[in-house]
Amino acid sequence: MNDVLSIKNGSVKSFEQAYHLWSEKIYTFIFRQCGSEAIADEVVQQVFVRLWERRTSLSTEYALNVQLFRMSRTIFIDELRKAARARRYADELQQKKAENFIEDNFENKETLELINKAIEAMPAIRKQVFLMSRREHLSHQQIAEKLGISPKTVENHIGLALKYLRRFTLLMILLALY
């Protein structure tokens, strides 16, 4: 409890000792939870920033390690939420780009019919993944859960579907020019 009181009273030396004693243990704890070095590094950094910024409100009833690991769990959960929001945003942005591309480049009904035929010609699973993403507006994670595949597989199928549609579109433009 002396280390808590010392830090609470503003002892930089006690803070540095706590950092050297606990930073690697917190890093290992978080890394085992998520497997991400970046997240583990971020959590460790934020834990010790928060420790120093909130040192005056530390509890002398709990050991420093208990308080540090509570902070690390809270910050870790915040980081996971932040990462999930970023993934959702990226998925939405990708979806909007595809929708805008279709709207901007395929204004007439005949071309849209050709695109729909191209989609129908895709392999079954790729077509299903693509339609769930573009027409049902599901995230990669939601599609993966519904189909029992990994989010990375979903991402690959969508990438291949978009590549196929781009090639198809280029071919249609070239044919229209001649």
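A residue counts as partly exposed when its relative accessible area lies between the 20% that bounds buried residues and the 50% that bounds exposed ones. With that scale in hand, Phe29 of this predicted model is partly exposed, at a relative accessible area of 26%.

A good place to start the tour is helix α2, to which Phe29 belongs. Helix α2 has 23 residues and spans 31 Å from its first C-alpha to its last, close to the expected 33 Å. The helix is bent by about 40° at Trp22. Trp22 is also one of the buried residues of α2, a list that further includes Ser14, Phe15, Ala18, Ser23, Ile26 and Ile30. In general, an α-helix has 3.6 residues a turn, so residues three or four places apart point the same way. The charged end of Lys25 sits over the ring of Trp22, 4.8 Å from the ring centre. Just after α2 comes Gly35, with a positive phi of about 75°.

Aromatic contacts come next. The model holds 6 aromatic pairs. One of them joins Phe15 and Trp52 edge-to-face, with 5.2 Å from centre to centre and 65° between the planes. This pair links distant parts of the chain, since Phe15 lies in helix α2 (residues 12-34) and Trp52 in helix α3 (residues 37-53), 37 residues apart. Phe15 counts as buried because its relative accessibility, 16%, is under the 20% cut-off. Trp52, at 27%, is partly exposed.

Phe29 and Phe69 make another edge-to-face pair, their ring centres 5.4 Å apart and their planes at 80°. Phe69 lies in helix α4 (residues 64-105), so the pair ties α2 to a part of the chain 40 residues away in sequence. Of these two partners, Phe69 is buried at 18% relative accessibility, whereas Phe29, as noted above, is partly exposed.

Phe15 and Trp52 also belong to one aromatic cluster together with Tyr19 and Phe48. Trp52 has a charged neighbour as well: Arg55 lies over the face of its ring, 3.9 Å from the centre.

One last stop concerns the backbone. Most residues other than glycine have a negative phi. His137 has a positive phi of about 55° although it is not a glycine. Where does His137 lie? His137 is found in the loop between α6 (124-134) and α7 (140-147), and with a relative accessible area of 46% it is partly exposed.

Definitions and conventions
Residues numbered from 1 in each chain as written. Predicted model: local features only at pLDDT ≥ 70, side-chain atom pairs only at ≥ 80, totals over all residues. Heavy atoms only, no water. Helix = DSSP H or I, 4+ residues; strand = E, 2+ residues; numbered from the N terminus. Buried < 20%, exposed > 50% of the residue type's maximum accessible area, 1.4 Å probe, protein only. Phe/Tyr/Trp six-rings, centres within 6.5 Å; stacked < 30°, edge-to-face > 60°. Lys NZ or Arg CZ within 6 Å of the ring centre and 35° of its normal. Expected span 1.5 Å × (residues − 1). Bend = angle between axes of the 7 residues up to and from the residue.
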